[in-house]
Number of protein chains: 2
Amino acid sequence: MKFDKELLVLETRQWYAIVHPDDQLYLGRLVVVLNYPCGRLSRMHESEYLSFRQVVYMLESALSAAFGATMFNWCCLMNNAYQEENPQPHVHWHFRPRYRNPVEFEGQVFTDPNFGHHYLNGPNDKRAVDRETLKKIAHRIRTVLQKQA
Amino acid sequence: MKFDKELLVLETRQWYAIVHPDDQLYLGRLVVVLNYPCGRLSRMHESEYLSFRQVVYMLESALSAAFGATMFNWCCLMNNAYQEENPQPHVHWHFRPRYRNPVEFEGQVFTDPNFGHHYLNGPNDKRAVDRETLKKIAHRIRTVLQKQA
């Protein structure tokens, strides 16, 4: 995941979070990345679990406030790294806000297509949005986070 | 998730883990449940994050030792609870060991069908195994955990 300053919503000493550049099927989908070389969840230190807790709290609160998200899916997978012969996995989380009701944002309607069920993740299930909208999503989340701070 | 003593592999003050009764497509798939009424990750206390860290460490180590798992997928979703009008979600994790190589266990071969990619979760992707095998999977994991303790 390329670190993309314009899509950055949060940066702490141990974590950063950016708007997922390729998929906003679930509005506000983020990638939350550990700022620290660590290849699996079981190797994270206590302080990283505790700072992750704070990040979870900040992001769930922010996405509720920004877009009215109903609940949240969190996944730590790291499968893709293992397509390489010498895998270099790096701990990161896929964060998907889920919505009982449609949300309008910047003239576009985002409807959770299968609320109450496992997120869709087939190759045809991605929703690409233009760069300007991605930046506005990031800006909205950053603004809410700053108000919460 | 019904608490099923025979499929239990781990029980701590704050967490328990059982073999997933309906799906062993990824051998050793478990459900890891918080022993505490809590509906979302952002409401978990510090001590629960720290005990979760220990559970992650114990289970990743145990599944590596028991079946040679290569890496692990962890997801906290809780979607199904939101199919109800008054959702009562309860924090739990879906833990899927992933395997670069096939494993033989109790005369059955378990091959990760798509290592290096997102776990399969369609309605036809489940692998049901008989009750005796489920109990043997649980027993093997428990045995390894006891050796590690």
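**Figure 1. Surroundings of B:Tyr36 in the predicted model.** Not counting residues up to four places away in sequence, B:Tyr36 touches B:His45, B:Glu48 and B:His90. B:Tyr36 itself belongs to the loop of chain B that runs between strand E3 (30-34) and helix H1 (46-67). Is this residue buried, partly exposed or exposed? B:Tyr36 counts as partly exposed because its relative accessibility is 32%, and the partly exposed class lies between the limits of 20% and 50%. B:Arg127 is 91 residues from B:Tyr36 along the chain, and the C-alpha atoms of the two are separated by 30 Å.

**Figure 2. Surroundings of B:Thr111.** In chain B, the loop between strand E7 (108-110) and helix H2 (131-148) holds B:Thr111. Which residues does B:Thr111 contact, leaving aside its neighbours within four places in sequence? They are B:Leu25, B:Pro102 and B:Arg127. With 42% relative accessibility, B:Thr111 counts as partly exposed. A separation of 27 Å lies between the C-alpha atoms of B:Thr111 and B:Tyr16, which are 95 residues apart along the chain.

**Figure 3. The backbone at B:Met78.** Phi of B:Met78 is near 65°, a positive value in a residue other than glycine. The residue sits in the loop that lies between strand E4 (71-76) and strand E5 (92-98) of chain B. B:Met78 has a relative accessibility of 7%. Buried means under 20%, so B:Met78 counts as buried.

**Figure 4. The backbone at A:Glu106.** A:Glu106 is a residue other than glycine with a positive phi, near 55°. Where in chain A is A:Glu106 placed? The loop between strand E6 (103-105) and strand E7 (108-110) contains A:Glu106. A:Glu106 counts as partly exposed, because its relative accessibility is 45%.

**Figure 5. Nonpolar cores with residues from chains A and B.** How many residues does the largest nonpolar core have? This core has 100 residues, and those with the most contacts inside it are A:Leu59, A:Trp74, B:Leu59 and B:Trp74. A second core, separate from the largest one, has 10 residues, including A:Leu77, B:Leu25, B:Tyr26 and B:Leu77. B:Leu25 also appears in Figure 2, as one of the contacts of B:Thr111.

**Figure 6. The fold of chain A.** Chain A contains 2 helices and 7 strands. What pattern do they follow along the sequence? The order is β-β-β-α-β-β-β-β-α. Of the contacts in chain A between residues at least 6 apart in sequence, 61% join residues at least 24 apart.

**Figure 7. Dimensions and surface of chain A.** The C-alpha trace of chain A spans about 45 × 35 × 30 Å along its principal axes. The radius of gyration of chain A is 15 Å, which agrees with the value near 15 Å that a compact globule of 149 residues would have. Among the 149 residues of chain A, 54% count as buried. Chain A exposes about 7,000 Å², and 47% of this area is supplied by carbon and sulfur atoms. Chain A has 18 positive and 16 negative charges, and the mean positions of the two sets are 4 Å apart.

Technical notes
Residues are numbered from 1 along each chain as its sequence is written. Chains are lettered from A and ligands numbered from 1 in the order in which they are written. This is a predicted model: local features need pLDDT of at least 70, side-chain atom pairs count only at pLDDT 80 or more; totals for chains, interfaces and linings use all residues. Side-chain values use heavy atoms; hydrogens and water are left out. A nonpolar core is a set of buried Ala, Val, Leu, Ile, Met, Phe, Trp, Tyr and Cys residues joined through side-chain atoms within 4.5 Å. Buried means under 20% relative accessible area, exposed over 50%, partly exposed in between (1.4 Å probe, protein chains only). Helices (H or I, at least four residues) and strands (E, at least two) are DSSP runs, numbered from the N terminus. The radius of gyration is taken over C-alpha atoms; the globule rule is 2.2 Å times the number of residues to the power 0.38. Contact means heavy atoms within 4.5 Å. Accessible areas come from the Shrake-Rupley method with a 1.4 Å probe; for residues, only the protein chains shown count as cover. Lys and Arg count as positive and Asp and Glu as negative; His and the chain ends are not counted. The place of a charge is taken as NZ of Lys, CZ of Arg, CG of Asp or CD of Glu.
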